Amino acid sequence: VIDSQLAEVAKPDPAIFNLALRDLGGVARGDAWFVGDDPYFDVAGALNAGLDHAILFDRLGLYDDADAKHRVTALTDLLEIEALA
């Protein structure tokens with residue numbers, strides 16, 4: 001968990017994603033998956049940080065017009081995306 005107040009950086013700044021990758025032991029950007037519920041701060045932020053797998057968790061279907069390669073409405077839907085990766 002990265003606390004943006006403590007890190008003094010917040011999404012969508014790529015620096016916060018870099019901190020998370022570092023804290024995960026240097027996971028490669030192409031191997032990391034980021035799941036977030038905001039198309040701008042989460043999905044666009046992760047993509048701008050170079051993560052290949054940025055997934056929109058749109059449980060209520062609020063972002064039908066969002067530009068997201070992958071969208072899930074339940075976390076169990078991630079299993080289907082994993083099969084595509």
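This report describes the sheet, the largest pocket and one loop residue of a predicted model.

**The sheet**

Three strands form an open sheet in the order β1-β2-β3, and their pairing is parallel. The strands β1 (33-36) and β3 (70-72) stand at the edges with a single partner strand each, so one side of each has no neighbour in the sheet. From one strand to the next, the twist averages 25°.

The strand β2 covers residues 53-57 and runs parallel to β1, to which 4 bridges join it. Within this pairing, Trp33 stands opposite His53 in β2. Of the 5 residues of β2, 4 are buried, so this strand is largely enclosed by the rest of the structure. In a regular strand, side chains alternate between the two faces of the sheet.

Helix α3, made of residues 39-48, lies across β1 and β2. The helix runs at about 170° to β2.

The table lists elements of the model with their residue ranges.

| Element | Residues | Place or role |
|---|---|---|
| β1 | 33-36 | edge of the sheet |
| β2 | 53-57 | joined to β1 by 4 bridges |
| β3 | 70-72 | edge of the sheet |
| α3 | 39-48 | lies across β1 and β2 |

**The largest pocket**

The volume of the largest pocket is about 270 Å³. Its lining consists of 13 residues, and Ile2, Ile16, Phe17, Ala20 and Phe34 are the ones nearest the centre. Two elements, α2 (14-23) and β1, each give two or more residues to this lining. The most comes from α2, which gives 5 residues. By residue class, the lining of the largest pocket holds 11 nonpolar and 2 charged residues, with no polar ones. The strand β1 thus appears both at an edge of the sheet and among the elements that line the largest pocket.

**Gly30**

Where does Gly30 lie? Gly30 is in the loop between α2 and β1, the two elements that give two or more residues to the lining of the largest pocket. The relative accessibility of Gly30 is 31%, so this residue counts as partly exposed, a class that lies between under 20% for buried and over 50% for exposed.

Which residues does Gly30 contact, apart from its neighbours within four places in sequence? They are Asp52 and His53. His53 is also the residue of β2 that Trp33 stands opposite. Leu78 is 48 residues from Gly30 along the chain, and the C-alpha atoms of the two are separated by 16 Å.

Terms used. Residues are numbered from 1 along each chain as its sequence is written. This is a predicted model: local features need pLDDT of at least 70, side-chain atom pairs count only at pLDDT 80 or more; totals for chains, interfaces and linings use all residues. Side-chain values use heavy atoms; hydrogens and water are left out. Two strands pair if DSSP finds at least two bridges between them. Axes are lines fitted to C-alpha atoms, for helices over the stretch in contact, and angles run from 0 to 180 degrees between N-to-C directions. Contact means heavy atoms within 4.5 Å. On a 1 Å grid over the protein atoms alone, a cavity is a set of points where a 1.4 Å probe fits but cannot get out, and a pocket is an open set with protein on both sides within 12 Å along at least five of seven lines; lining residues have an atom within 4 Å of a point. Grid points are joined across faces, edges and corners, and a volume is the space filled by probe spheres set on the points. Ala, Val, Leu, Ile, Met, Phe, Trp, Tyr, Cys and Pro count as nonpolar, Asp, Glu, Lys and Arg as charged, and the others, Gly among them, as polar. Buried means under 20% relative accessible area, exposed over 50%, partly exposed in between (1.4 Å probe, protein chains only).
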